[in-house]
Amino acid sequence: MGSIENIIERVGRNICLYQDHIISVCEFSEEDLEYFPISYLEKYVSSIELQQIWNKLSEKHKKSLILKLNLPCFKHCNNTEGTTQFDGPPPPIKLCSACKINK
Ligand SMILES: [Zn+2]
């Protein structure tokens with residue numbers, strides 16, 4: 001496939017592998033981020049970075065359940081309401097054991 005999404009994923013994968021995240025998705029504008037495939041954001045962007053760019057993402061991205069589950073879980077981790085159940089950086093929702101139990 002030669003689509004722009006496919007190319008971005010291939011280029012991004014190489015940048016991640018060899019440059020150790022020298023370019024952060026946070027540096028891209030709203031317009032740029034529209035071109036990022038969901039599969040790329042899922043695989044190569046940390047949940048904290050995803051949280052940081054979330055408001056800049058398109059509706060297409062925000063509707064993606066895959067991406068929603070990759071956001072950090074502030075419901076159970078490091079929240080400000082004193083109901084934190086875990087210390088340390090919040091895991092993605094898909095890996096949060098408390099989220100799994102409450103499903
Ligand atoms: Zn959770």
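The protein chain contains seven helices and zero strands, and its elements follow one another along the sequence as α-α-α-α-α-α-α. The model is predicted. Its mean pLDDT is 82, with 77% of the residues of the protein chain at 70 or more. Confidence varies between elements: helix 6 (residues 65–70) has the highest mean, 96, whereas helix 1 (residues 4–19) has the lowest, 72.

Burial and contact range come next. The protein chain has 103 residues, of which 17% count as buried. Among contacts in the protein chain with a separation of 6 or more, 47% join residues that lie 24 or more positions apart.

The largest nonpolar core comprises six residues: Val-25, Phe-36, Tyr-40, Leu-41, Val-45 and Leu-50. Within this core, Leu-41 merits attention for its contacts. When residues up to four places away in sequence are left aside, Leu-41 touches Phe-36 and Leu-50, together with His-61 and Leu-67. Of these partners, Phe-36 and Leu-50 are listed in the core.

Glu-49 offers a second point of reference. This residue is placed in helix 4, which spans residues 47–53. Glu-49 is classed as partly exposed because 17 other C-beta atoms lie within 10 Å, a count that falls between the limits of 12 or fewer for exposed and 20 or more for buried. With residues up to four places away in sequence again excluded, Glu-49 touches Ser-24, Val-25 and Cys-26; of these, Val-25 belongs to the largest nonpolar core. Glu-49 and Pro-72 are separated by 23 residues in sequence, and their C-alpha atoms are 9.4 Å apart in space.

How values were computed. Residues numbered from 1 in each chain as written. Predicted model: local features only at pLDDT ≥ 70, side-chain atom pairs only at ≥ 80, totals over all residues. Core = buried A, V, L, I, M, F, W, Y, C linked by C-beta atoms within 7 Å. Contact = placed C-beta atoms within 7 Å. pLDDT = per-residue confidence, 0-100. Helix = DSSP H or I, 4+ residues; strand = E, 2+ residues; numbered from the N terminus.
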